[in-house]
Amino acid sequence: METNEMENIWKAENERLKSKLYVNEKLILKTYDKSVNSFKDLFNASVMGRNMALVYATISLTLAVIYASELRYSIPLILGAAGMVISFIQHLALKSPKDYHRANIIELQKSIQKFRIHTMKHKYYDMFFVTFWLLTLSPLYYKWKRGLDVFGSSADLLKAVESASVILLLLTGFSFFIYNHYDKKLSKSIANLKELEEFESESN
C-alpha cells in the first residue's frame, strides 16, 4: 500500500472519529441541558409555591383583622395563617446551584436528588397545610357567597361540609397527580445524568 493511500485512509478515519465525537458531544449537551431545564422549572415552581404561602398567610391575617370582633371567624383565620408560615419555613431549606449550567454532572445529580427527597418528604405536610388553610377560610366564604352560617345552623353546616368535601377530594387527587408528575420528571433527569456520567467514564 502506497504512502498516499495510507494517508488518505488515516484522514478518512480521523474525520469519521471527529464526526462521531461531535455527535456524541451534541448528544451529551442536549441531554444535560434537558435535565437542567427540567430541574430548573420544577425548582422554580416549588420556590414560587413556597413564597405563595406568605401571600396566603397575609390574606388570612388581613381577613382576621377585618373580622377581629367575630372570634369564630378570626381565630380560624389566624390559625390558617400560622400554618402557612410554618409551611414557608419548612421550605427555606430549598437550595439550587448558583449556576445550573456550570454545575458538573455529579453536583447536579446531588442537587436533583436532594430536591426530590425534600419534595416527597414534605408533600403530605404541604397537602395538610393547604387543606387546613382552605378549611379556615371556608366559614367566611360560605357566609359571603352562599349566605350560610356554619356556626349557627346545623343545616347550613351540613351543606357546607358536603360542598367542601367534594372540593377537597378533587384538590387531593390533583395534588397527588402533581407530586407524582414531579417525581417522574426528577427520576428521569437523574437517570439521564447517570447515563451521561457512565458515558463520560467509558470515554475517558
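The following paragraphs describe the helices, the buried cores, the surface and a charged pair of one protein chain, as they appear in a predicted model.

The protein chain contains 4 helices and 0 strands, and its elements, followed from the N terminus, run α-α-α-α. Of the 204 residues in the protein chain, 33% are buried. The area that the chain exposes comes to about 13,500 Å², and 63% of this area is supplied by carbon and sulfur atoms. When contacts between residues at least 6 apart in sequence are considered, 82% of them join residues at least 24 apart.

Helix H2 covers residues 71–90, and because a helix of 20 residues is expected to span 28 Å at 1.5 Å a residue, the separation of 28 Å between its end C-alpha atoms agrees with that expectation. The buried residues of H2 are Tyr73, Ser74, Pro76, Leu77, Gly80, Ala81, Gly83, Met84, Ser87 and Phe88. In an α-helix there are 3.6 residues a turn, so residues three or four places apart point the same way. Isoleucine 89, which also belongs to helix H2, takes part in a nonpolar patch on the surface, where Leu54, Val85, Ile89 and Leu92 together have about 310 Å² of accessible area.

Several residues of helix H1, which comprises residues 3–66, can be placed relative to residues further along the chain. Glycine 49 is found in helix H1 and counts as partly exposed, because its relative accessibility is 41% and thus lies between the limits of 20% and 50%. The C-alpha atom of glycine 49 is separated by 8.7 Å from that of phenylalanine 88, although the two residues are 39 residues apart along the chain. Isoleucine 59 likewise has its place in helix H1, and with a relative accessible area of 37% it is partly exposed. Between the C-alpha atoms of isoleucine 59 and leucine 77, which are 18 residues apart along the chain, the separation is 8.9 Å. Alanine 64, also in helix H1, is buried, because its relative accessible area of 7% falls under the limit of 20%. Once residues up to four places away in sequence are set aside, alanine 64 touches Ser74, Leu77 and Ile78. The C-alpha atoms of alanine 64 and leucine 79 are separated by 9.8 Å, with their positions 15 residues apart along the chain.

The largest nonpolar core has 14 residues, of which Leu63, Leu77, Met84, Leu137 and Leu140 touch the most other members. Each of H1, H2 and H3 supplies at least two residues of this core, and the largest share, 5 residues, comes from H2. A second, separate core is made of 12 residues, including Phe39, Leu94, Leu108 and Ile190. Methionine 84, named above among the members of the largest core that touch the most others, is in contact with Ala53, Tyr56, Ala57, Phe129, Val130 and Trp133 when neighbours within four places in sequence are left aside.

The structure holds 1 salt bridge, in which the side chains of glutamate 70 and lysine 143 meet at 3.5 Å, taken from N to O. Glutamate 70 lies in the loop between H1 and H2, whereas lysine 143 lies in helix H3, which comprises residues 105–146, so the pair ties together parts that are 73 residues apart in sequence. In general, side chains of opposite charge can pair when their charged atoms come close. Both partners are partly exposed, glutamate 70 having a relative accessible area of 25% and lysine 143 having one of 31%.

Conventions: Residues numbered from 1 in each chain as written. Predicted model: local features only at pLDDT ≥ 70, side-chain atom pairs only at ≥ 80, totals over all residues. Heavy atoms only, no water. Expected span 1.5 Å × (residues − 1). Buried < 20%, exposed > 50% of the residue type's maximum accessible area, 1.4 Å probe, protein only. Patch = residues over 30% accessible without salt bridge, like charges linked within 9 Å, V, L, I, M, F, W, Y side chains within 5 Å. Areas by Shrake-Rupley, 256 points an atom, 1.4 Å probe, with all protein chains shown as cover. Salt bridge = Lys/Arg side-chain N within 4 Å of Asp/Glu carboxyl O. Contact = heavy atoms within 4.5 Å. Core = buried A, V, L, I, M, F, W, Y, C linked by side-chain atoms within 4.5 Å.
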